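Biologist: Can you walk me through this one? I'd like to start with the core, then move on to helix packing.

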Amino acid sequence: MTDLVIRLAGVSRVFPAEPPVRALTEVHLDVVRGEYVSIVGASGSGKSTLLNTLGLLDRPTSGSYQLDGVETAGLSDGERTALRGSRIGFVFQSFHLLSYRTVTDNVAMAELYRRADRATRLERANQALERVGLGHRKGFRPDRLSGGERQRVAIARALFGGPALLLCDEPTGNLDRVTTSGVLDLFDELSAQGVTLVVITHDEQVSLRAQRRVRIEDGRLWEETRCA
Amino acid sequence: MRLIDLGDEALAGVASRPMRTALTMLGTFIGITTLVITLGVAATAANQIAGRFDAVTATGITVTMPAGSSPDAAPVVSWNGLADLVRLNGVHAAAAISEANADSNLVVRANELHDPNTVTDRSLPVVSATAGLPQVVNATVAQGRFFDDGHVKRHDRVAVLGATAAKLLGITRVDDQPAVFVNDQAFTVIGILASSGLDLDHGLDVSVILPYPTATDQLRMGQPTKVLIRTDLGAAPLIAKQAPIALSPDDHDQLQVQAPPDPTTLRGGVEHDTNGLFVVLGLVSLVVGAIGIANVTLVTVMERIGEIGLRRALGARRRHIAAQFLVESGTVGLIGGVIGTSAGIIAVVVISALNDWTPVLDMSLAAGAPVAGALVGLLAGLYPALRAARMEPVEALRSGT
């Protein structure tokens with residue numbers, strides 16, 4: 001069996017309403033370690049629900065989700081939180097950086113809720129910043145950085161502690177063309193280093209950079225083969 | 001999550017909005033300051049009052065023998081029993097007295113002259129005593145002298161009069177050796193007490209005081225009925241406990257002790273009177289401060305929904321979120337408490353200096369007031385913290401930036 005980071009099997013998510021909203025229907029998705037996958041779809045296609053499910057922020061109504069070999073269906077809220085904290089690095093459209101903390105503190109924060117060596121934390125956070133090309137911005141506050149730099153900080157935070165999966169939600173949604181391509185170049189680099197990437201976006205250009213494209217429409221997934 | 005990290009995060013949160021934090025802690029600050037000033041000044045003033053009491057009255061003890069024992073019965077305390085009492089550390093002086101029964105009040109007159117126009121026969125209390133009495137009751141001798149151990153040993157028929165007793169009997173000087181007749185027994189007056197002092201037994205002012213062997217011989221007066229004790233400053237509570245046992249090892253339960261109120265009790269009483277209103281004021285401002293903290297923390301929680309979502313995404317559990325906001329509000333309360341306590345103590349010292357008082361600082365007050373501030377902050381943060389912890393991460397991430 002190959003080394004699967006994500007295994008979704010027959011996952012559905014129905015929101016109770018009148019009539020019930022079927023956000024995800026019988027979704028199957030396998031992501032192998034080291035893969036760079038983009039999930040592309042228009043708004044209302046179920047992207048956000050899929051992201052929340054993958055990120056353990058939401059529970060599927062039915063089906064099985066194995067993250068890094070751990071079946072998540074039967075886990076308690078606390079166990080899901082611990083798993084989320086240790087296995088998943090999130091990158092958000094709006095960065096979610098704390099404006100009153102330095103860049104280094106923002107990165108180091110990823111380790112607050114885990115067991116890790118506290119003494120070397122800031123040092124390792126700075127190394128993570130260097131990895132995304134921000135070694136010269138260590139003591140800065142986020143509000144003094146450009147949008148692209150902020151997203152790099154967020155990526156450094158997501159990478160911190162070596163998660164099994166980097167889960168990106170519209171990572172370039174708030175960025176212009178030039179900085180977008182910078183961030184996408186960084187994704188390529190990370191992918192080359194063996195990081196497992198799942199990028200959820202509505203932007204065809206962004207999704208085209210991934211090794212593998214999955215389209216989501218009306219809560220169903222379609223694998224797209226690249227016409228090279 | 002480590003405790004030190006929790007503290008770091010909370011401090012960073014508090015420090016990120018210094019102006020807001022300062023304004024938020026104002027309520028706690030005012031409340032704690034008011035409380036510390038109130039309690040501190042009251043304790044200082046009460047100590048001042050108690051200190052004045054101490055010097056004068058807080059050193060006198062009266063031990064009373066059980067009433068009704070006949071003169072022939074075995075004494076509960078004998079005249080010679082004082083030796084064991086004076087030995088005690090803290091006893092400055094002691095004297096025993098025997099008061100004649102009220103129903104056998106003795107007739108006292110000054111001379112043999114029978115004048116139909118004046119009342120010459122007086123019914124006055126007659127007291128027999130040991131020689132050291134004036135020292136014990138803070139009495140001074142206005143004229144002549146008090147009888148001493150020599151008079152006592154020789155069974156001399158001498159008497160000392162209280163100031164009022166002397167006036168009633170018409171005796172104004174002692175250098176001509178006037179006599180008084182008690183039950184037709186003659187005694188030479190050798191001294192008259194001044195009317196001041198006598199704080200342990202004001203009755204001595206109208207009494208005829210005789211040496212105890214003489215009184216026993218001539219008037220069949222019995223064993224001591226009272227022992228008066230003057231203690232060193234501060235020793236009264238201790239001596240009050242020890243005196244009955246020293247006086248009468250077998251029957252100390254029968255002795256009644258009248259001791260001055262313990263200075264601390266007295267102080268407590270004074271504090272109780274003066275404090276009530278201001279304590280209520282301080283508590284009210286604490287409550288107002290708590291409401292302020294609760295409000296601001298709630299606003300802060302709403303402003304930081306995005307941060308809450310992020311922390312949840314990073315693996316923070318609900319209790320981590322609740323703990324962070326609780327520690328933040330507790331810190332605000334604690335800082336307010338510390339500054340308030342300091343300001344209050346400075347105010348107490350300044351007030352004391354202006355009044356020439358010795359400032360009295362209760363250590364438990366100085367330590368407890370900041371704790372009270374922190375508790376106020378924690379209580380106030382309870383509801384906002386629960387609100388923050390209850391948020392769903394998905395919602396929080398979506399609505400916050």
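Modeller: Sure. Keep in mind that this is a predicted model. The largest nonpolar core has 106 residues, and the ones touching the most other members are A:Val107, A:Ala156, A:Leu166, A:Leu167, A:Leu197 and A:Val198.

Biologist: Which helix gives the largest share of this core?

Modeller: Helix α2 (residues 18-56) of chain B, with 11 residues.

Biologist: What does A:Leu166 touch, not counting residues up to four places away in sequence?

Modeller: A:Leu166 touches A:Gly89, A:Val91, A:Ala158, A:Leu159, A:Val195, A:Thr196 and A:Leu197.

Biologist: How many residues are in the second, separate core?

Modeller: That core has 58 residues. B:Leu161, B:Leu193, B:Ile209 and B:Ile239 are among them.

Biologist: Back to α2 of chain B. Is B:Ile30 buried, exposed or partly exposed?

Modeller: B:Ile30 sits in that helix. B:Ile30 has 19 other C-beta atoms within 10 Å, so it counts as partly exposed. Buried would take 20 or more.

Biologist: Which residues is B:Ile30 in contact with, leaving aside neighbours within four places in sequence?

Modeller: B:Ser285 and B:Gly289. There is also a long-range pair: B:Ile30 and B:Gly344 are 314 residues apart in sequence, yet their C-alpha atoms are 9.3 Å apart in space.

Biologist: What about chain B overall? How many helices and strands?

Modeller: Chain B has 13 helices and 12 strands. Of its 401 residues, 43% are buried. Among contacts in chain B with a separation of 6 or more, 85% join residues 24 or more positions apart.

Biologist: Helix packing next. At what angle do α1 and α11 of chain B pack?

Modeller: About 60°, with the axes 9 Å apart. Here α1 is residues 3-15 and α11 is residues 318-355. The two helices are therefore oblique to each other. The crossing of α1(B) past α11(B) is right-handed.

Biologist: Which residues meet there?

Modeller: From α1(B), B:Leu6, B:Gly7, B:Glu9, B:Ala10, B:Leu11, B:Gly13 and B:Val14. They meet B:Ala323, B:Gln324, B:Val327, B:Glu328, B:Thr331 and B:Val332 of α11(B). By class, this contact has seven nonpolar, four polar and two charged residues.

Biologist: And α5 with α6 in chain A, how far apart are their axes?

Modeller: 9 Å, at an angle of about 25°. That makes α5(A) roughly parallel to α6(A). α5(A) passes α6(A) in a right-handed crossing.

Biologist: What meets what?

Modeller: A:Gly147, A:Gly148, A:Gln151, A:Arg152 and A:Ile155 in α5(A) meet A:Thr179, A:Gly182, A:Val183 and A:Leu186 in α6(A). The classes are three nonpolar, five polar and one charged.

Biologist: Staying in chain A, how many residues of α1 are buried?

Modeller: Seven of eight, in a helix that spans residues 47-54. They are A:Lys47, A:Thr49, A:Leu50, A:Leu51, A:Asn52, A:Thr53 and A:Leu54. Just after this helix, A:Leu56 has a positive phi of about 60°.

Biologist: Last topic, the interface. How many residues of chain A are in contact with chain B?

Modeller: 22 residues of chain A, against 19 residues of chain B. On the chain A side, helix α2 (residues 77-87) gives the most, with six residues. That side divides into 10 nonpolar, seven polar and five charged residues.

Note on methods: Residues are numbered from 1 along each chain as its sequence is written. Chains are lettered from A and ligands numbered from 1 in the order in which they are written. This is a predicted model: local features need pLDDT of at least 70, side-chain atom pairs count only at pLDDT 80 or more; totals for chains, interfaces and linings use all residues. Axes are lines fitted to C-alpha atoms, for helices over the stretch in contact, and angles run from 0 to 180 degrees between N-to-C directions. Helices (H or I, at least four residues) and strands (E, at least two) are DSSP runs, numbered from the N terminus. Angles under 35 degrees count as roughly parallel, over 145 as roughly antiparallel, 65 to 115 as roughly perpendicular and the rest as oblique. A crossing is left-handed if the near helix is turned anticlockwise from the far one by less than a right angle, and right-handed if clockwise. Two residues are in contact if their C-beta atoms, placed from the backbone, lie within 7 Å. Ala, Val, Leu, Ile, Met, Phe, Trp, Tyr, Cys and Pro count as nonpolar, Asp, Glu, Lys and Arg as charged, and the others, Gly among them, as polar. A nonpolar core is a set of buried Ala, Val, Leu, Ile, Met, Phe, Trp, Tyr and Cys residues joined through C-beta atoms within 7 Å. A residue is buried if 20 or more other C-beta atoms lie within 10 Å of its own, exposed if 12 or fewer, and partly exposed in between; C-beta atoms are placed from the backbone.
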